[in-house]
Amino acid sequence: MAPHTDTAALLERVAKHHDEMLEDLAHYVELETPSDDRPLLEAGLARIDAWLRERLGEPAAVGTTGGGEYGDVRVYDYPGEGTAPVLVLAHYDTVWPQGTLAGWPFGVDGDRATGPGIFDMKAGLVQAVWALRVLAEAGLSRPPIRLVLNGDEEIGSPVSRPVIEAAAEGAGAALVFEASAAGALKTARKGVGIFRVDVTGVEAHAGLDPGRGVSAVDELARIVLTLHGLTDHEAGTTVNVGVVTGGTRTNVTAGSAVGHLDVRVRTRAEADRIDAALAAVAPADPRATVTVSGEWNRPVMERSEGTAKLFALARGLAADIGVDLAECEVGGASDGNFVAALGVPVLDGFGAVGDGAHARGEHISLGGMTERTALAAALLHALTVTR
């Protein structure tokens with residue numbers, strides 16, 4: 001454990017604010033912020049902005065990037081010791097549509113709190129804010145903080161990605177307050193590629209002149225088998241053609257077909273292998289044409305040496321309050337992937353302890369929220385001590 005960092009004392013301080021944290025959480029969950037509803041996202045961000053200023057005071061600087069049809073991206077800079085900021089990432093959009101709260105309101109039953117978006121990832125932002133708040137109350141140092149809030153994470157961060165990458169410049173570390181994996185921090189995430197295969201064949205009467213036609217469906221079927229053959233579970237690579245369409249009528253040789261695929265890779269080397277394979281896709285019949293489009297939506301988040309050191313520091317601090325902190329790799333991606341690809345040490349999954357992301361059973365542990373808030377505060381303080 002880093003010297004001069006008393007996680008147990010911070011936990012006691014956080015616990016005294018339990019009721020205030022719960023009230024903040026309730027108000028936040030009761031803000032409906034679906035990714036595809038611009039007016040609700042605008043209203044939600046305005047409320048969040050006012051709450052941040054109430055809890056943390058005025059930031060040194062605020063920057064806003066318009067989200068267009070999606071939610072805006074807002075970057076808050078808070079002063080601290082040193083020059084290298086710690087990047088804090090959180091998204092305020094959720095997968096839940098307007099009206100969900102009517103049938104599924106925020107609720108508490110013992111240690112369990114539930115509501116749309118509570119696990120992914122509204123509790124995480126509450127934890128991050130209160131970690132900063134208790135450090136200020138205790139008079140403990142921390143590095144400068146650069147907090148990025150985006151409203152398009154659940155749809156791939158199309159607007160926020162360049163903002164996040166710019167905000168990561170010069171950062172010494174990044175904490176992503178996405179939900180944990182059964183309490184474990186995420187020190188590695190797979191890269192995600194979303195691609196499309198378009199096949200053009202030659203239409204003809206399937207019964208009167210079958211030899212004249214070239215079936216795009218037949219070509220796509222062969223390509224799907226080839227693509228699925230790229231899966232390598234041992235290497236952590238999966239290729240899934242999840243949606244296919246094609247043809248017009250049963251008695252017409254299909255003139256077109258489309259396949260949509262999801263690719264997940266553990267390493268950059270595997271991403272390169274998939275890229276080469278996609279570039280080599282070709283029709284069996286030269287009269288057909290094949291076009292592959294798409295891109296890597298999230299780069300690979302590999303467990304770097306810097307991330308390993310950051311996790312070791314967090315694990316030692318957690319042990320101070322009797323928490324056996326674990327780490328894991330997950331197949332899902334987050335905004336942390338963008339930052340890790342730039343060489344910044346990243347600890348992801350620093351948010352809620354609970355379960356049920358994107359499901360009606362979404363819930364968190366209130367005790368876990370208290371512990372994680374104290375751990376985040378301790379880690380931020382330790383980063384000023386150990387640098």
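This report describes a helix pair, two buried charged residues and some unusual backbone geometry in a predicted model.

**Helices α2 and α5**

Helix α2 spans residues 18-29 and helix α5 spans residues 118-138; their axes lie 10 Å apart and make an angle of about 140°. The arrangement of α2 relative to α5 is therefore oblique. The crossing of α2 past α5 is right-handed. From α2, the residues Glu-20, Met-21, Asp-24, Leu-25, Tyr-28 and Val-29 take part in the contact, and they meet Ile-118, Lys-122, Ala-123, Leu-125, Val-126 and Trp-130 of α5. By class, the residues of this contact comprise 9 nonpolar and 3 charged, with no polar ones.

Helix α5 also holds Met-121. The peptide bond between Asp-120 and Met-121 is cis, with omega about 0°. As a rule, most peptide bonds are trans.

**Glu-270 and Arg-298**

Glu-270 belongs to helix α8, residues 268-279. Glu-270 counts as buried because its relative accessibility is 12%, where the cut-off is under 20%. Leaving aside residues up to four places away in sequence, Glu-270 touches Asp-232, Ala-235, Thr-237 and Val-265.

Arg-298 sits in strand β12, residues 289-298. With a relative accessibility of 3%, Arg-298 also counts as buried. Not counting residues up to four places away in sequence, Arg-298 touches Glu-153, Gly-156, Ser-157, Gly-191, Val-192, Ala-333, Ser-334, Asp-335, Asn-337 and Phe-338.

The polar contacts made by these two side chains are listed below.

| Side chain | Partner | Distance |
|---|---|---|
| Glu-270 | Thr-237, side chain | 2.6 Å |
| Arg-298 | Gly-156, backbone oxygen | 3.3 Å |
| Arg-298 | Asn-297, side chain | 2.6 Å |

**Positive phi at Ser-157 and Ala-182**

Ser-157, one of the residues touched by Arg-298, is found in the loop between β6 (145-151) and α6 (160-167). Phi of Ser-157 is positive, about 55°, although this residue is not a glycine. Ser-157 has a relative accessibility of 1% and so counts as buried.

Ala-182 lies in the loop that runs between β7 (173-176) and β8 (185-189). Ala-182, likewise not a glycine, has a positive phi near 55°. Is Ala-182 buried or exposed? Ala-182 is exposed, since its relative accessible area is 78%. Most residues other than glycine have a negative phi.

Technical notes:
Residues numbered from 1 in each chain as written. Predicted model: local features only at pLDDT ≥ 70, side-chain atom pairs only at ≥ 80, totals over all residues. Heavy atoms only, no water. Axes fitted to C-alpha atoms, helices over the stretch in contact; angles between N-to-C directions. Helix = DSSP H or I, 4+ residues; strand = E, 2+ residues; numbered from the N terminus. Parallel < 35°, antiparallel > 145°, perpendicular 65-115°, else oblique. Left-handed = near helix turned anticlockwise from the far one by under 90°. Contact = heavy atoms within 4.5 Å. Nonpolar A, V, L, I, M, F, W, Y, C, P; charged D, E, K, R; others polar. Buried < 20%, exposed > 50% of the residue type's maximum accessible area, 1.4 Å probe, protein only. Polar contact = N/O pair within 3.5 Å; in protein donor to acceptor, adjacent residues only side chain to side chain.
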